[in-house]
Each structure stands twice: as C-alpha cells, then as structure tokens.
Amino acid sequence: MSLLTPGGSRPETPGTPTNGPGPQGFSDRARWHVRSFLPVLAWLVAAAVVSVVHRFVPGSRWMLVHFLLLGAVSNAIVTWTWHFTGALVRRPASATETQHQVVRQVLLNVGVVGVSAGVVGGQLRTTVVVGGVLAWHGVALGIRARRSLSNRFRRTITYYTAACLLLPVGAALGAFMAAGRSDEWQSRLVLAHLALNLLGFVGLTILGTLVTLWPTMLRTRLEEGSERTFAAVLPILLGAIVVTVAGSVLGLTWVVAAGLVLYAAGTVTLLIPLVRTAVRKPPWQFSTWSVGAGMVWLLVALGQLVWLVVRTPRVARVHDDLGLVVSSFAVGFVAQVLFGALSYLLPVMLGGGPAAVRHTTSMTQRFGAWRVTVTSLGLLVCLLPVPSLVRVTASVLVLVALCFTPPLLVRAAVVAHRLRTHPELTRALPLPERRADGAPTPSHERERGRPLGGLVAGLAAVLLAVAGGVAMDPAAVFRSDAAGGVTPTGRTVDATVTAQGMRFTPDTVTVNPGDRLVITVTNTDADVHDLTLETGEQSGRLARGQSARMDVGVVGRSVEGWCSIVGHRQMGMVFHVRTTGGDDVAAAPGVAGALAGGGHGGHAAGGAASPEVDLHGTFPADFTARDATLPPAPAATLHRITLRAQDVDLPVGPGVTRRMWTFNGQAPGPAIRGKVGDRFEITLVNEGTIGHSIDFHAGALAPDGPMRTIQPGERLVYRFTATRSGIWMYHCSTMPMSVHIAAGMAGAVIIDPPGLPRVDKEYLVVQSELYLGAGSEPADAAKIAAHQPDAVVFNGTSGQYDARPLTAKVGERVRFWVLDVGPDEPTTFHVVGAQFDRAFKEGAWLLRAAPGEPDAPGGSQALDLGAAQGGFVEMTFPEAGHYPFVNHMMSRAESGAHGIVEVR
C-alpha cells in the first residue's frame with residue numbers, strides 16, 4: 001500500500017480539492033505545496049550563504065545548523081506531516097483546520113526569524129513562539145486523527161504528535177542555554193537540547209514517516225509485519241529520549257550512553273523491515289539512495305555520540321566535542337533524508353499526469369549517484385583527522401553536492417507548471433520504455449547499471465578534493481603531532497587563553513609529559529585573531545567575543561603557536577606549550593621536521609617563497625597603467641566620500657598580480673582634493689576579510705573614535721576640516737600598521753595652498769614599497785621588519801610608467817605632486833633632464849619666484865621626502881624627448897621607482 005495513495009485514494013492536501021483546474025496551471029493542491037516549499041527553499045539558501053561566508057558572520061555555526069534544522073526542516077515537517085495525516089486518515093481538512101494550518105506556518109517562520117535575530121542580540125524570547133506553534137501542530141494532528149475512522153497507519157500520527165510535543169521542551173532548554181549558565185550546566189543543557197530536538201522532534205518524525213514512505217518510493221508494498229514493529233518501537237524510542245535527557249540534566253554520562261544505545265536499538269529494529277523491502281526491491285534513483293544514506297548516517301552519528309560519551313567522564317567535556325557529531329546528524333542524516341524525500345514527493349504533488357510526473361521526477365534525480373557519493377564520502381573525510389585544508393576542500397565539495405538539489409526542485413516546479421499550462425508539451429514527452437512483450441519496463445530496470453558512472457565520478461571528485469587540500473598545505477601531511485612517542489598519563493589539562501592587544505595571555509602553558517592538553521582561546525580584542533599550532537590544530541578566525549576549543553592531544557614535547565593573521569606573529573602574538581622537566585622527546589626529524597618547524601618562519605602564512613617581481617619584464621599589450629593625472633579641486637566646500645576597504649587582485653609588476661588590501665579597489669587609494677577651510681565627511685565601509693581603520697593626516701582631531709578598527713560588514717563616518725595646506729597621507733591604522741600600509745591601504749589628500757598658480761598639467765606620484773607575502777598574502781611582515789622590499793614603486797606597480805609614459809608638450813608647465821607613504825623607505829624625487837623652478841614641501845614653499853619676477857633666481861634638482869611626507873615640484877620641458885623620473889636613491893630606482901615623461 002502506498003502512503004500517497006492509501007486504499008487507492010488520491011493524495012489529499014489540507015483544505016484543497018483533490019482535483020485541480022487541469023490545463024490552466026497548477027491545481028490547488030500543487031499550488032499549496034509550491035507555496036509551502038518556498039520557506040524551505042529560503043532557509044536552505046540562507047544556510048548555504050552562511051556556510052560560504054561563515055568566517056565573517058558572528059555565530060555562524062549556530063546559524064548554519066539552525067537555518068537547516070529549525071528553518072528548513074521544521075517547515076518541511078509542518079507541511080508534510082499535515083499532508084500525510086490527511087492521506088492516512090482519509091479525511092479532508094475542514095476550512096477552519098486549513099486556516100489554522102496557514103497561521104501555524106506563518107507563525108513558525110516569524111518565530112524562526114525572531115530566534116535567529118535574537119541570537120545576535122542575546123534575546124531568545126521568540127523560542128516560545130516556535131515551541132508553541134509546534135505543540136499546537138502536534139495537538140492538531142492528534143485531534144484530526146481521533147476524529148477519523150480507525151486506520152492501521154494511525155500510529156504514524158502518534159509519532160508526529162509525540163515529536164511535536166518534544167520540541168517545545170527542547171526549545172526552552174535552548175533559551176536557558178543562551179541565558180548564560182555555568183560551563184557544567186551549559187554542557188548538560190546542550191546534550192538534553194540535542195536529544196529532544198534531533199532525536200525527538202526530527203528523528204521521530206523521519207522514522208515515523210519512512211515506514212510508509214520508503215516502500216512508496218520503491219514502488220512496492222510494505223513488508224509483512226511492519227505495522228506491528230512500528231507500533232512497538234515508539235515506546236522504546238520515547239523511553240530512550242527520556243533516559244538520555246535525564247542523564248544529561250543529572251550529568252551522568254553512563255545514563256546518557258544507555259539512553260543513546262536504547263535509541264539506536266529501537267532505530268535498528270524499525271529499520272529491519274525497511275532493509276528487507278530494499279533487498280526485495282533495490283533502490284534505483286537519487287531519492288531512495290539519499291534517504292538510505294541518511295539512515296546509515298543516523299546510526300553513524302549515534303555511534304559517534306555514544307563513543308564520545310563513553311570516553312568522557314564528565315558531561316562538561318562532551319559539550320566541547322559535539323561539533324563533528326552535529327555535522328553527522330545535520331548533513332549526513334537530516335539533509336540527505338530531506339533532499340531525498342523532497343526529490344520524490346514534490347514532483348508527485350505537482351502532478352500533471354503520469355508523463356509529466358515521470359518527466360519532472362527524472363529532473364530531480366539527475367546526477368543522483370554522484371550527489372550521494374560526494375555528500376557521504378566528503379562528509380566522512382571531514383570527520384577524519386585530516387589536515388585543515390583537506391577538510392576545507394572536502395566540505396566545499398559537500399556543499400556543492402548539496403546545493404544541486406534546491407535548483408533542481410525549483411526547475412521541476414517551473415517545468416510542471418509549463419506542462420499543465422500547455423498540454424501539447426505533455427503529449428510530446430517520450431513514452432516509457434517497454435519490454436519485448438509490450439509491458440512497460442519498470443523504472444528500476446531502466447536505471448540499472450547507470451549509477452556506476454556517477455559513483456566513480458563522485459569518488460574521483462572526493463579524491464581530487466583531498467589531493468587539492470594536500471597540495472595547498474603539503475607540510476600538514478608530514479607534520480608531527482605533539483605526543484612525540486610519550487606514554488599517555490590519562491590526565492587532561494584545560495588551558496584558557498585570551499587574545500588581546502597583539503598578545504596571547506598567558507602565552508605559555510606547561511604540562512606534564514603524557515598529559516592531554518585542551519586549549520580554549522577567546523578573542524577579546526577589537527581585531528580578528530586566531531591561534532595556529534605547528535602540529536596543525538587551528539582555532540579558526542575569531543571575531544571579538546568568539547571562542548574556540550582546540551584539542552592538542554597528548555603532549556610530550558614543546559609545541560609552538562602563533563596568530564596566523566598577516567603581521568600579527570611578528571608583533572608578538574606567539575604561544576608556547578612546554579613540558580615539565582624539559583623536552584626529552586625531540587620534534588620529528590627529516591622532512592617532517594623541516595616542513596613543520598620552518599613552515600611559518602619568516603613569512604606571514606605558510607613559509608613558501610614569495611614570487612619575485614620581474615623588474616625588466618614586459619607588460620601585456622592590454623595593460624593599463626594607473627592614471628596619474630590629478631584633477632583640480634572641486635568647487636564644493638563639503639566633500640562626502642565613501643571609501644570601501646576591499647581585497648582586490650591588482651598588478652604589482654610586469655606579469656605579477658597580487659591580492660591587495662585596498663580603498664575602493666585601488667592601491668594606493670583614490671586621491672582626495674580640496675581647499676583650506678573645506679569640510680570632509682568620509683564614510684569607511686569594511687568589505688574586506690579582516691578589521692581595518694583609517695587615519696587622515698589632513699585633519700586634526702582625537703583619534704579614539706574615528707580611527708578605531710571596524711570589522712568586516714561594519715562602517716564608520718570620519719569628519720574633519722582642512723585647516724592647513726599640503727599633500728597629506730591617509731592610511732589604515734590597524735595594527736600591524738606597517739603591513740596594512742604595505743598591502744596597499746594608503747593614499748593622498750591634497751589641500752591646495754592659497755593662491756596656488758594654475759599649471760598646464762598636474763600629476764600625482766605616490767611612492768610605496770612592496771613586501772610580497774607567500775601564497776595569497778599581500779605583504780610579509782618579516783620582510784618589512786628586515787627592511788627588505790621586493791620593489792619600490794610609483795602608484796602601486798613597478799615600471800608601469802616606463803611601459804605607459806606620462807605625457808607633456810614642450811613649454812607646458814607641469815606640476816608633480818609627490819607623496820611617500822612608505823611604510824619605511826624615503827625618496828628623493830628627480831626628473832632626469834629637467835630642473836625644478838618651483839618646489840613646495842610639507843606646507844611651505846622651498847622655491848618660487850618673487851613677486852614680479854618671471855622666474856625663480858635658483859633651481860632645485862630633487863625633492864627629498866621621508867615616509868609620510870609630501871610636496872610638489874614644477875618644471876617646463878625645453879625640448880621634445882623622453883625624461884625619466886626616479887627616486888634618486890638609485891638602488892630604489894633600480895628596484896622599480898622609475899618612469900618616463902614623453903615630451904612631444
């Protein structure tokens with residue numbers, strides 16, 4: 001018997017007729033399910049977005065799990081349990097019941113949005129709304145079942161009702177957790193919350209549905225005796241949940257383990273007839289493969305949790321290691337079952353006739369074997385003790401596989417609507433294949449043999465992801481662990497470390513050889529930090545107020561750590577793990593020692609040699625140099641400007657591109673010009689990946705507020721009035737300041753001196769240094785500290801004005817504004833073949849004609865500037881030709897600080 005067509009009846013949807021308007025579009029039933037699917041889709045998209053940008057979103061781990069489970073899954077449960085209940089009891093919903101169902105779905109999403117927003121603000125009062133809605137839904141399902149005739153599948157509705165009544169308790173525990181409790185109680189509540197919501201609300205609903213949905217998806221009958229097994233298992237599962245919650249609240253890990261084992265036993269008992277059904281009628285498409293894989297992952301997750309509880313003597317320790325277990329539950333079990341079920345159910349509910357259903361179903365099943373293989377194997381790789389970058393590449397691949405399903409479902413809905421609107425398209429669909437005797441070929445026979453290619457492709461994709469992760473960090477493969485062969489003592493040392501002010505406090509932890517070390521690191525600084533150990537453990541980037549737990553494992557030797565944010569290690573953010581009595585066990589020798597020990601020395605992140613800038617290379621034909629032309633000051637006296645901190649790939653030399661930290665995508669930043677007395681209102685928007693700030697030398701004001709560091713996604717407004725003339729530097733002042741400036745975050749503000757004479761052309765030349773880091777890092781703090789630039793450049797790119805000269809005409813007066821933004825090297829600006837007859841430096845005229853005199857009595861050959869100094873020089877060119885302009889500190893000119901003025 002089919003769940004969707006019990007007793008031969010058509011599927012029923014709350015408050016809608018079973019027959020729709022036919023060719024005019026979706027039936028009422030189909031429209032209902034399309035609308036109900038939209039919130040599910042929205043929460044899935046939100047979860048996908050958070051998974052991509054999780055490093056920059058506070059509380060991203062919580063959001064990712066709850067957008068999937070509380071948002072998408074709860075909406076799917078409310079929709080489909082109502083539908084299945086109607087199908088099982090064979091009684092259409094009344095108009096009042098339908099209205100109540102709509103209200104529940106609306107309130108559910110309002111509540112989930114409120115909970116999500118409340119996490120950021122620390123207020124979770126809307127959990128009452130979510131819990132109340134699900135309790136109301138469970139009661140409504142029970143009432144609907146009691147008013148119907150007896151049915152052998154009414155036990156399914158009992159599963160639904162029990163599940164919905166458990167969630168309000170779990171939601172209340174979640175609110176208690178957010179209210180702030182001691183570590184011990186926090187851990188107890190987390191375990192109880194997990195048992196009630198995942199095993200209770202989600203688990204009971206899925207298990208209760210699969211008894212009838214599984215054979216329906218396989219297009220076969222129920223296994224004989226399934227109903228009796230089904231009825232007997234529910235008390236076992238409920239009892240297991242009660243035992244698990246009680247053990248969690250009491251802090252008794254052995255009771256928690258017993259409850260989990262009992263739940264696993266009940267699950268296996270319920271799955272036995274489902275496995276027999278699959279043996280008799282093997283799964284043949286994505287829907288059944290995905291649901292089957294999800295059930296396997298449920299048992300894997302239960303096994304993980306049991307093992308975690310058994311090996312941990314205190315509940316407080318369990319809380320710290322739940323991340324991987326929740327991943328198995330959320331991705332392996334819930335996401336795969338949800339996607340598999342929706343891929344089967346949505347085309348059936350959209351309807352349109354057998355041919356249309358067959359066509360839309362084939363769309364939702366595409367790349368099925370590949371998707372299931374990548375999701376399960378990729379998740380397995382993430383759970384193994386692999387290097388960090390391998391876990392990153394595998395998790396990205398899993399995300400890609402999961403993201404296939406929502407677009408396929410949306411496309412199926414669009415195609416189904418088109419087929420119902422245009423019946424001639426349905427008639428044009430291919431007929432099903434037939435056997436030699438004329439009977440239609442069963443779908444599982446048509447698909448037999450096809451999954452092998454998808455399985456092999458999925459396996460290859462996972463292997464390539466692993467290989468890619470290893471290639472990006474080969475040292476991690478050979479990196480030695482902290483144990484060094486010492487015998488474990490069985491003791492655990494918990495260390496609490498704070499990141500603040502470019503220091504770790506404490507910066508040294510001492511343990512006895514053989515002790516297990518667990519470090520909880522919390523960032524209390526305004527800037528982003530992390531903690532990376534030479535053995536490979538990483539906290540991940542932590543914004544202000546965020547914490548992470550690092551299990552170093554058994555320690556038998558010294559281990560070094562640092563903050564891997566560029567420049568932070570060089571400023572003193574280092575961490576040491578020491579053992580009592582000295583280090584009797586040395587670090588691993590040979591390749592492992594070389595790669596692990598030297599992996600981060602000298603360079604900011606990774607230790608690989610940075611690429612050399614080819615100072616004598618050739619720019620490509622389509623290269624465009626930075627426009628050095630300086631427009632005149634605007635007539636306005638109020639200047640409103642937005643500067644966006646952005647990470648952008650820019651050319652730094654011939655054939656060399658680098659990811660730079662920029663203002664408005666330019667390095668140096670855009671030039672700003674005004675007059676004495678003008679007011680400036682600068683809005684800084686941080687669209688980068690770490691904290692940034694801004695400091696304007698052209699204004700005089702207390703730096704406390706306007707020069708503060710803001711994190712990604714934040715903004716501030718910086719206001720100042722220009723009271724003195726000159727060419728002033730602006731730059732990011734976030735520590736380490738030298739790194740931020742060298743990475744491109746500096747620019748010029750020109751405040752014209754009163755009575756500044758007009759000239760024919762004005763150019764702006766900003767000198768800076770390049771200290772290229774390894775990998776994707778824009779700057780190397782060790783090179784900066786050693787005063788070893790890769791190049792000294794004008795306007796950000798080495799040699800660009802040799803390839804694309806500036807221009808002038810004979811007799812034109814040309815003014816060069818020059819600013820040295822450093823961060824360290826000085827300049828003596830010189831134009832070969834020309835003499836300066838006007839010079840202005842640091843707010844004062846050095847050389848100009850006396851009133852009434854056509855020319856200055858003397859001349860100047862170079863404008864000498866230290867870091868953060870500026871001025872301008874003027875000249876006229878006597879004849880046509882090519883006039884080089886250079887930093888006359890010749891070693892710096894030869895390292896890139898040169899260009900040409902082509903005079904015609």
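Me: Buried means under 20% relative accessible area, exposed over 50%, and partly exposed in between (1.4 Å probe, protein chains only). Which of these is leucine 459?

Reply: Leucine 459 is partly exposed, because its relative accessible area is 38%. Before going on: this is a predicted model, where local features need pLDDT of at least 70, side-chain atom pairs count only at pLDDT 80 or more, and totals for chains, interfaces and linings use all residues. Residues are numbered from 1 along each chain as its sequence is written, and side-chain values use heavy atoms, with hydrogens and water left out.

Me: Where does leucine 459 lie?

Reply: Leucine 459 is in helix H18, which covers 451-472. Helices (H or I, at least four residues) and strands (E, at least two) are DSSP runs, numbered from the N terminus.

Me: And which residues make the nonpolar surface patch?

Reply: Leu459 shares the patch with Leu377, Leu380, Leu384 and Leu463, and the area comes to about 400 Å². Patch residues have over 30% relative accessible area and no salt bridge; like charges are joined within 9 Å, nonpolar side chains (Val, Leu, Ile, Met, Phe, Trp, Tyr) within 5 Å. The accessible areas are Shrake-Rupley values with a 1.4 Å probe, and for residues only the protein chains shown count as cover.

Me: Which helices supply at least two residues each?

Reply: Helix H13 (368-383) and helix H18 both do.

Me: Changing topic. How many salt bridges are there?

Reply: The count is 20, where a salt bridge is a side-chain nitrogen of Lys or Arg within 4 Å of a carboxyl oxygen of Asp or Glu. One of them pairs aspartate 837 with arginine 813, with the closest N and O atoms 2.8 Å apart. That pair links distant parts of the chain, 24 residues apart: arginine 813 is in strand E20 (residues 813-822), and aspartate 837 is in the loop between strand E21 (827-831) and strand E22 (838-841).

Me: Is aspartate 837 buried or exposed?

Reply: Aspartate 837 counts as buried because its relative accessibility is 18%. Arginine 813 has 16%, so arginine 813 counts as buried too.

Me: What does arginine 815 pair with?

Reply: Arginine 815 meets glutamate 874 in a salt bridge, 2.7 Å from N to O. This pair also links distant parts of the chain, with arginine 815 in strand E20 and glutamate 874 in strand E25 (residues 869-876), 59 residues apart. Both side-chain partners, arginine 815 and glutamate 874, are buried.

Me: And arginine 892, what is its partner?

Reply: Arginine 892 forms a salt bridge with glutamate 825, at 3.2 Å from N to O. Here 67 residues separate the two: arginine 892 is in helix H24 (residues 890-893), glutamate 825 in the loop between E20 and E21. Arginine 892 counts as buried because its relative accessibility is 18%, and glutamate 825 counts as buried because its value is 8%.

Me: Which residues are joined into one network?

Reply: Salt bridges with shared partners join Arg673, Asp752, Glu762, Arg813, Arg815, Asp837, Arg838 and Glu874.

Me: Now the backbone. Which proline follows a cis bond from threonine 505?

Reply: Proline 506, with omega near -10 degrees. Proline 506 sits in the loop between strand E2 (503-505) and strand E3 (508-511). Another cis peptide bond joins methionine 735 and proline 736, with omega about -5 degrees. Proline 736 is in the loop between strand E15 (726-731) and helix H21 (737-742).

Me: Why flag cis bonds and positive phi values?

Reply: Because most peptide bonds are trans, and most residues other than glycine have a negative phi.

Me: So what is phi at phenylalanine 367?

Reply: Phi there is near 55 degrees, a positive value in a residue other than glycine. Phenylalanine 367 lies in the loop between H12 and H13, and is exposed because its relative accessible area is 53%. Glutamate 842 has a positive phi as well, near 50 degrees. Glutamate 842 is in the loop between E22 and strand E23 (844-847), and is partly exposed because its relative accessible area is 43%.

Me: Last one. How far apart in space are glycine 352 and leucine 419?

Reply: They are 7.0 Å apart, C-alpha to C-alpha, and 67 residues apart in sequence. Glycine 352 is in the loop between H11 and helix H12 (354-364), and counts as partly exposed because its relative accessible area is 29%.
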